[in-house]
Amino acid sequence: MTTTDERQIRIDLAATFRIVAKLGMHEAVANHFSATVSADGSKFLLNPKWKHFSIIKASDLILLDADDKEAKSRPDVDSTAWAIHGQLHKLAPHIRVAIHLHPIYATTIATLKDPTIKPIDQNTARYFNRVAVDDTYGGLADTESEGARLIGLLGNKSRLMMGNHGVMVTSGTIGEAFDDIYTMERACQVLVNAYATGQPLNVLSDDVAEKTAQDWEGIADFSIAHFEEMKRLLDKEDPSYAH
């Protein structure tokens, strides 16, 4: 990993915070994103404690080591961020990016007894059989053991519906992670609105839902293009995120 690589990762991660804030998907000064900057996945960037997403710059992101036991005591590190992301990058070094949010619609689905994102349209079908579920919320995830438990639930999936809490998506690139959390929130908005009608859901067949999910997995370039276009909008409106 070169200095140039880390610089670009900083810029892209800072852009993601800004975009998420513009979309109203943030939660006050809480929630956290991380991205690795080392080949072994142990060193990662994280947003500083209690800094609003809308003003985060590339230079604000803090560099941490998942193997550094003292990192959790830093005043600029949120205990829940360390518990989740520290354990994630320690136990699952193949994951390069993780986004944890409490967006309105996805969190609404997370509060249901059945938090499955049912495949009722093209976006919801993206998540067919592809979201792990945590159904044992026990309070703030502020211990390493709780972080390890959450990471263990992911298994071979890249998304976690955190029951009574929020959601987390993981990916190999920042662009794909951003598009994933964006589409998941849109999917959950459609599902919440469909539930609100009180009418029976017209759920896609397993075959169609699976085919659609596989088709989504084949267009990673769509996700990257979406992210790059959002960055171009940021560049026009306020390029300070890259500083």
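I began with Lys118, which comes out as partly exposed in this predicted model, with a relative accessible area of 21%. That value lies just outside the buried class, because buried means under 20% relative accessible area. Its salt-bridge partner is Asp114, and I read 2.8 Å between the closest N and O atoms of the two residues. Asp114 is partly exposed as well, at a relative accessible area of 34%.

I then searched the whole structure for salt bridges and noted 18 of them. One of these is formed by Arg18 with Asp238, whose closest N and O atoms are 3.3 Å apart. This pair connects distant parts of the chain, since Arg18 sits in helix 1 (residues 3–22) and Asp238 in the segment after helix 8 (220–237), with 220 residues separating them. I also checked how far each partner is covered: Arg18 is buried, at a relative accessible area of 6%, whereas Asp238 is partly exposed, at 34%.

Next I looked at helix 8 itself, where Arg232 forms a salt bridge with Glu229 and the closest N and O atoms are 2.4 Å apart. Both residues belong to helix 8 and stand three residues apart, about one turn of the helix. Arg232 counts as partly exposed at 45% relative accessibility, and Glu229 is likewise partly exposed, with a relative accessible area of 46%. I recorded in addition that Asp12, Glu228 and Lys231 are joined into one network by salt bridges that share partners.

For the geometry of helix 8, I counted 18 residues and a reach of 26 Å from the first C-alpha to the last, which is close to the 26 Å expected at 1.5 Å a residue. Which residues of helix 8 are buried? I listed Ser223, His226, Phe227, Met230, Lys231 and Leu234. Viewed down the helix axis, the buried residues of helix 8 fall within an arc of 135°, so they line one face of the helix. Asp221 and Lys236 are exposed on the other side of helix 8.

I turned to the nonpolar interior and found that the largest core has 46 residues, with Leu13, Phe33, Phe53, Leu101, Ile117 and Met184 making the most contacts inside it. At least two residues of this core come from each of helix 1, strand 1 (32–36), strand 4, helix 3 (104–110), strand 7 (166–171), helix 6 (174–196) and helix 8. Helix 6 gives the most, with ten residues. I followed Met184 further and, setting aside neighbours within four places in sequence, found it in contact with Ile117, Tyr127, Val131, Arg159, Val167 and Val169. A second, separate core has 13 residues, among them Leu88, Ala92, Ala132 and Ala141.

My last entry concerns His100, which I placed in strand 4 (residues 97–101). Is His100 buried or exposed? At 2% relative accessibility, His100 counts as buried. Its side chain makes a polar contact of 3.3 Å with the side chain of His165, and it also reaches the backbone oxygen of Val167 at 3.0 Å. Leaving out residues up to four places away in sequence, I noted that His100 touches Asn31, His32, Phe33, Ile84, His85, Met162, His165, Val167 and Met168. Phe33 in that list was also noted above among the residues with the most contacts inside the largest nonpolar core, and Val167 is one of the contacts of Met184.

Technical notes:
Residues are numbered from 1 along each chain as its sequence is written. This is a predicted model: local features need pLDDT of at least 70, side-chain atom pairs count only at pLDDT 80 or more; totals for chains, interfaces and linings use all residues. Side-chain values use heavy atoms; hydrogens and water are left out. Helices (H or I, at least four residues) and strands (E, at least two) are DSSP runs, numbered from the N terminus. Buried means under 20% relative accessible area, exposed over 50%, partly exposed in between (1.4 Å probe, protein chains only). A polar contact is a pair of N or O atoms within 3.5 Å; within protein, one must be able to donate a hydrogen and the other to accept it, and residues adjacent in sequence count only if both atoms are side-chain atoms. Contact means heavy atoms within 4.5 Å. A salt bridge is a side-chain nitrogen of Lys or Arg within 4 Å of a carboxyl oxygen of Asp or Glu. The expected span of a helix is 1.5 Å times one less than its number of residues. The arc is that of the directions from the helix axis to the C-beta atoms. A nonpolar core is a set of buried Ala, Val, Leu, Ile, Met, Phe, Trp, Tyr and Cys residues joined through side-chain atoms within 4.5 Å.
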